[in-house]
Amino acid sequence: IRRPPRSTLFPYTTLFRSDTKFAHAYMWYTESKGQREHELKLVKKARDTWVVQNELEVGVTDRFTVAPYYNMEFGPDAPTLGGWALEMRYAFGDIAARKLLPALYLEPAQMASEPVELECMLIGTYFPEDSLQTMLTGNLICEREMRRNEPAKWGYAFGAAKQDGGQWLGFEAYGNWTEKKHYLGPTLGFKLEDASAVILNLGLSMNKQDAQFKIMFVRDL
């Protein structure tokens with residue numbers, strides 16, 4: 001039995017079909033089969049380091065999404081580095097309010113000639129209201145460079161937002177326990193037209209690191 005279109009499962013997606021509501025935290029929702037989404041991300045990681053991520057998400061099934069990336073890292077006193085990543089997400093269960101919705105995430109990635117890094121993530125999303133306008137999501141993250149004796153690094157991302165029409169406002173907390181880096185800040189999203197949106201996030205360091213800034217342009221294709 002084929003599941004109903006995602007637009008009927010998610011009332012708020014009639015305004016903007018994208019699953020992307022946060023700059024760092026991932027939600028349970030995946031693209032429908034055949035749905036495609038382009039994301040262009042600009043990240044200020046440190047005082048003199050910027051990263052551009054160019055991503056194309058494709059719904060392989062109604063539950064499974066793949067997304068190839070092309071990434072570039074640059075700074076005023078450093079050479080521009082190129083790299084790739086391949087994101088894969090699988091969602092379990094069906095949409096419902098007041099129910100924890102799980103998903104799994106796996107992403108191999110490599111920047112320039114550095115070792116391949118594998119990122120694994122457990123995603124849990126919760127909608128406390130039947131309207132699905134309030135969104136809570138959390139990610140438990142494990143990263144490891146794929147070379148001998150390299151230890152795993154553990155991190156997290158959490159997001160909460162409230163949508164009102166074509167706009168949503170919330171906050172995100174994210175970081176890495178292993179490296180002792182933690183960030184907290186507001187996230188703002190707004191619809192530009194029926195098939196595109198902009199998402200902004202400012203991550204303020206909780207332990208004297210440089211603040212991070214991220215801007216995303218998201219468009220359904």
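In the predicted model, the charged end of K21 is placed over the ring of W168, at 4.2 Å from the ring centre.

Aromatic side chains also pair with one another, and a search of the whole structure returns five aromatic pairs. In the pair formed by Y26 and Y105, the ring centres are separated by 4.9 Å and the planes meet at 55 degrees, so the arrangement is classed as tilted. Y26 belongs to the loop between α1 (6-9) and β1 (36-46), whereas Y105 is part of strand β5 (residues 101-111); the pair therefore ties together parts that lie 79 residues apart in sequence. Y26 has a relative accessibility of 16% and counts as buried because this value is under 20%. Y105, at 5% relative accessibility, likewise counts as buried.

Eleven salt bridges were identified. In one of these, R89 is joined to E87, with 2.8 Å between the closest N and O atoms. Both R89 and E87 are buried. The two residues also take part in a network of salt bridges that links E31, E57, E87 and R89.

A further salt bridge connects D130 with R98, the closest N and O atoms again being 2.8 Å apart. D130 is located in the loop between β6 (117-126) and β7 (134-145), and R98 in the loop between β4 (78-91) and β5, so this pair ties together parts 32 residues apart in sequence. D130 is exposed, its relative accessible area being 57%, while R98 is partly exposed at 49% relative accessibility. The assignments of D130 and R98 differ because exposed residues are those over 50%.

E145 forms a salt bridge with R147, in which the closest N and O atoms are 2.9 Å apart. Of these two partners, E145 is buried, with a relative accessible area of 18%, and R147 is partly exposed, with a value of 43%.

On the surface, F158, F171, L184, L202, L204, M206, F213 and I215 make up a nonpolar patch of about 650 Å². Strands β11 (196-205) and β12 (212-220) each contribute at least two residues to the nonpolar patch. L204, one of the patch residues, is found in strand β11. The relative accessible area of L204 is 42%, and the residue is therefore partly exposed; this value meets the requirement of over 30% for residues of a patch.

Definitions and conventions: Residues numbered from 1 in each chain as written. Predicted model: local features only at pLDDT ≥ 70, side-chain atom pairs only at ≥ 80, totals over all residues. Heavy atoms only, no water. Patch = residues over 30% accessible without salt bridge, like charges linked within 9 Å, V, L, I, M, F, W, Y side chains within 5 Å. Areas by Shrake-Rupley, 256 points an atom, 1.4 Å probe, with all protein chains shown as cover. Salt bridge = Lys/Arg side-chain N within 4 Å of Asp/Glu carboxyl O. Helix = DSSP H or I, 4+ residues; strand = E, 2+ residues; numbered from the N terminus. Buried < 20%, exposed > 50% of the residue type's maximum accessible area, 1.4 Å probe, protein only. Phe/Tyr/Trp six-rings, centres within 6.5 Å; stacked < 30°, edge-to-face > 60°. Lys NZ or Arg CZ within 6 Å of the ring centre and 35° of its normal.
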